Amino acid sequence: MALQSLDVKQRSASTTVPPGVRETLEVAKLIDVSKCIGCKACQAACMEWNDLRDDVGIVQGFYDNPADLTDRSWTVMRFYEEEMPLKGPAGGTENVLQWLIVKDGCLHCEDPGCLRACPAPGAIVQYSNGIVDFAQENCIGCGYCQTGCPFNIPRFSAKDQKAYKCTLCSDRVAVGLAPACVKTCPTQALTFGSKEDMLDLAGARITELKERGFDKATVYDPAGVKGTHVVFVLPHGDPALYRLPVNPEVSPLVAMWRSGVAKTLGVLTMVAVVVGGIFHYMKVGPLEVKDDEAKET
Amino acid sequence: MTNHWVDIKNADVVMVMGGNPAEAHPCGFKWVIEAKAHNKAKLVVIDPRFTRTAAVADVFAQIRPGADIAFLGGVIRHLLEKDAIHKEYVSSYTNAAFVVREDYKFDEGLFSGWDEAGNKYDKATWTYETGADGFAVVDPTLQHPRCVYQLLKQHFARYTPQVVEDITGIPQAKFLQIADIIASTAAPNRTMTHLYALGWTQHTVGAQNIRAMAMIQLLLGNVGMAGGGVNALRGHSNIQGLTDLGLLSDLLPGYMTVPRENDTDLDTYLAKRTLKPARPGQMSYWQNYPKFFVSMQKAWFGKAATKENAWAYDFLPKLDKVYDVLTVMELMFQGKVNGYVCQGFNPLASFPHKQKLIDGLSKLKFLVTIDPLATETSTFWKNMGDINDVDPTKIQTEVFRLPSGCFAEEDGSLVNSGRTLQWHWKAADPPAEAKADTEIVGELFTRIRALYQKEGGTFPDPILGLAWDYKIPNKPSPDEIAREFNGKALGDIPDPKDKTKTLAKAGEQLATFAHLQDDGTTACGNWLFCGSWTQAGNNMARRDPSDPSGLGLTPAWGWSWPANRRILYNRASADPAGKPWDPKRKLIWWAGEKWAGNDVPDFKIDSKPEEGMSPFIMNPEGVGRLFGTDKMADGPFPEHYEPVESPSANALHPKVGHTPAARIFKGDRGNMGKPDEFPYAATTYRLTEHFHFWSKHTRIGAVLQPELFVELDEVLAQKKGIKNGDRIQVRSKRGRIVAKAMVTKRIKPLKIAGKEVHTVGIPIHWGWEGLTKPGHLANTLTPFVGDANVQTPEFKAFLVDVEKVLDRA
């Protein structure tokens, strides 16, 4: 939902020039997986703040509930049991079980594939602080945002045929509050602030984790989407372990479809059709129904 | 907790065994994360399954349910063998040097004094040798063959790493890795905090599990230290307050005890409880028992308690035996209980052996539940198909439901695990006709009293004599009750040091329990809470987060019992000369004329170090007990006993499998399963998404964890043809439940003495009331047996069988 108190930087299917007077801070949420205990308080807080109540589901053999993101579950905890070679008590490596708990939800890409793919003017906006938000009143329910998203985030509502996802609590952030999930996180696995501060914090955590033996610890802020406004600290490094795309990027098709080339190409095509039509008219004349054909019908 | 939540951040090692705080106490767990992130602490987790706490642990070991003492015994042996103990602490602050009576013995699983016929121990031999001076005999060199240190070595010599592996299933290398991490905190400048909860209490050896860790912490010198201690994480909001106020059948407020049948008069009662020092120069704080008791009687009975009637001693009931929850349910089952009032309690879901409970509840004439929610107990008579297959036409119990408010609908205080009392304010009125619990009790009491006034009765005096001076008698306010617990002066209390001054004037709120008197001039509902609401006001409502010491003591945030002391036994944080062991962890120190420091000294404030008073002032001997003397029902040392239902024989003494002192009723002996029929070790537990049987009534809680499931390992699942998400049946000797299967890598088959043992994990949160999918009560399966000391049911270790359900209901 678009808010007047946040400046809009980008707007889907529009060429509006963003306002430029105010100096706003780029924000980010840091998810430190090494501090997360999977308590789902973030999920509960998200439902509370955003007035969302998903259906009471069933257990499918996992702790993940609801089992997937939905129009009413904008964040879900995912639990992965991974056995991986780590240092054992005797010094050598042994297969050690790790329970990797990942908070799934929108990453608020700096270069948002959803926004680029969206054909409905103003249905998806990006604020100057980096948050990517859906304005459902402008959504036409075409599903292009899903195609455009490299993280498989937007979900459609069966109720109103519109797309929904995490807003990073843009309403809270607009008035200087942290997102509800961050506010409620008991272990500070979630923190919120300027992107710069969050990257500093993440860097310090990587140093600490490396001291504790997590040699491959890394920050996940993928360059393919020009960085994200939700950044992860991954103690075991490899994003694939956490089911995060290793090199996410906006699909070339989507990139082309909303790019200047595509637009130019589209305009050229339209002009060509009109010109061609004129030539056709000049050469062949108007298309008329002949008398005998008309009689047959 | 000996320490408190924030203090966890000061630890070098955080040991979690018998609990799962990330899951059950996620908010408090922030301090474990803090210790890891800012104190480079190592987190060690030992549990029957890989939990959410294990997910952030540095080291995890999977243990067989009910094998904890074998592990802890192995640690004690390891510490003694490697001499990784805090020697000066052990020799000065524990009973290591005390000489035990010659006739104390331990042989083949039995301590001396076992009375087969009476089914209990005669504990006479479990005590110290007494010298000619009337005090206990000690040998400071620790060489006497019967001194506690030597007996300890001898007792735990059997717990070798091999024995630990054979009983617990934890490989020796893993055991030694953890034992070395624990041993590293024997250094005076390193501490380990230990966190436990119901994973330790809910065993027939529950109290001994905790004792074993207390002994380890004493050997390491970690008791009384910042970042140390033995810390019980309480399972409900304000369950700490419940025990502080004595809401157990054999307790009075402040851990005083209800008189027994043979305590025929006040003097007899007090003499047994007013403990004299067992060593010269010791404080033995319970010497003040008469002051606490008489002041409580004055708070309860006011003017009706006089010197002449022994402070209304005869108004108190006298116990012929302990009426713990299992006993009451057993009596109900036998048809000997007419009515049952449960307030804020869902016993059908919370006690073992559901069918036995249903039979008992069905024999009642009336049942009253006082609760904000519809509990399964209040609808025990309802046929819910497979999950509660009863015939309502055959149940004549009349059920009354009195809707109460919840915590947010009243003012009051909550005592957290760290003994801090925090006042809270009402946020909303209770809905519809619901009333605050105090109002419900107030209404009941005033009407019962009116009946006694009108009709008399066999012995109306306690009811008619009860002091009930609340402004609105049928609606006592939380303020009034809190002031009453703190206590006030009934007359001027002269200062014994200067008779021209007074400690308190008549009518004033008391400042400290040190001012309590045994002559009827003070009234105090709970001596431990004295100081919480003084003349200065409600100290529980203080919200100053300042922390001058940096140790997280926050002395002006709320108020902690006793005496606003944040860390118990803090005298032990300094050496015998009064100098803190660790300059980074300075709690108190000898400041020349008196003790001073960052915390309130847990000691006689002006006792000079050279006077030799020891830090554990509540104990008559002044020191911490490695040898438990006669304080425990099942032995002065912890010993590994199998759960009553166990997949394995006792490897240490096959003839004595489970603890002989366990609480088992005759009729239940036939209700215990054997491993040939029920081969799998089962354990029950909570999940973070739910709070007991409450949060299933909330939509969000129901969304986050909607349906009953049971966890089992991949090998067992494959053997039984069970796939993830299948419907399975879990059977014990007492009943069956049907649940979704969760096949997981987080539980592994264990090798127990060469045999493969599987563990089945059963979360407890479902029932037929609320918004989650209806489910069986987990306690359909659990055994009706209890801990030898405190009768806590053995929910954490029993036997089941598992199979796939083929007919889809």
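Q: Two strands are said to pair if DSSP finds at least two bridges between them; what makes strand S5 (residues 124-127) and S6 of chain A such a pair?

A: In this predicted model, S5 and S6 of chain A are joined over three bridges in the antiparallel sense, and because the definition asks for at least two bridges, they count as paired. As an example, A:Val125 has A:Asp133, which belongs to S6(A), as its bridge partner.

Q: How do you know which strands stand at the edges of the sheet in chain A?

A: The three strands of this open sheet follow the order S1-S5-S6 in chain A, and their pairing is antiparallel. Strand S1 (8-11) and strand S6 (132-134) of chain A each have a single partner strand, so one side of each is left without a neighbour in the sheet, and this places both at the edges. On average, and with direction ignored, neighbouring strands of this sheet are turned by 30° against each other.

Q: Why is chain B called as compact as a globular protein of its length?

A: Chain B contains 20 helices and 35 strands. Its radius of gyration is 27 Å, and the globule rule gives 28 Å for 809 residues; the two values are close, so chain B is as compact as a globular protein of that length. Along the principal axes, the C-alpha atoms of chain B fill a box of roughly 85 × 70 × 55 Å, and 53% of the 809 residues are buried.

Q: What makes the set of 246 residues a nonpolar core?

A: A set earns this name because its members are buried residues of the nonpolar kinds, joined through C-beta atoms within 7 Å. The largest such core has 246 residues, and among those with the most contacts inside it are B:Val14, B:Phe98, B:Ile216 and B:Val730. Helix H9 (residues 206-220) of chain B gives this core its largest share, ten residues. A second core of 36 residues, which includes B:Tyr289, B:Met296, B:Ala504 and B:Leu528, is separate. In soluble globular proteins, nonpolar side chains tend to be buried together.

Q: How do you know which residues B:Val730 touches?

A: Two residues are in contact if their C-beta atoms lie within 7 Å. Leaving aside residues up to four places away in sequence, B:Val730 touches several residues, including B:Val710, B:Val760, B:Leu781 and B:Val800.

Q: Where do the domains of chain B lie in its sequence?

A: Chain B is divided into domain 1 (6-234 + 622-631), domain 2 (325-463) and domain 3 (663-804). The C-alpha centres of domain 1 and domain 2 of chain B are 38 Å apart.

Methods:
Residues are numbered from 1 along each chain as its sequence is written. Chains are lettered from A and ligands numbered from 1 in the order in which they are written. This is a predicted model: local features need pLDDT of at least 70, side-chain atom pairs count only at pLDDT 80 or more; totals for chains, interfaces and linings use all residues. A residue is buried if 20 or more other C-beta atoms lie within 10 Å of its own, exposed if 12 or fewer, and partly exposed in between; C-beta atoms are placed from the backbone. Helices (H or I, at least four residues) and strands (E, at least two) are DSSP runs, numbered from the N terminus. Domain bounds come from an automatic or database domain assignment. Axes are lines fitted to C-alpha atoms, for helices over the stretch in contact, and angles run from 0 to 180 degrees between N-to-C directions. The radius of gyration is taken over C-alpha atoms; the globule rule is 2.2 Å times the number of residues to the power 0.38.
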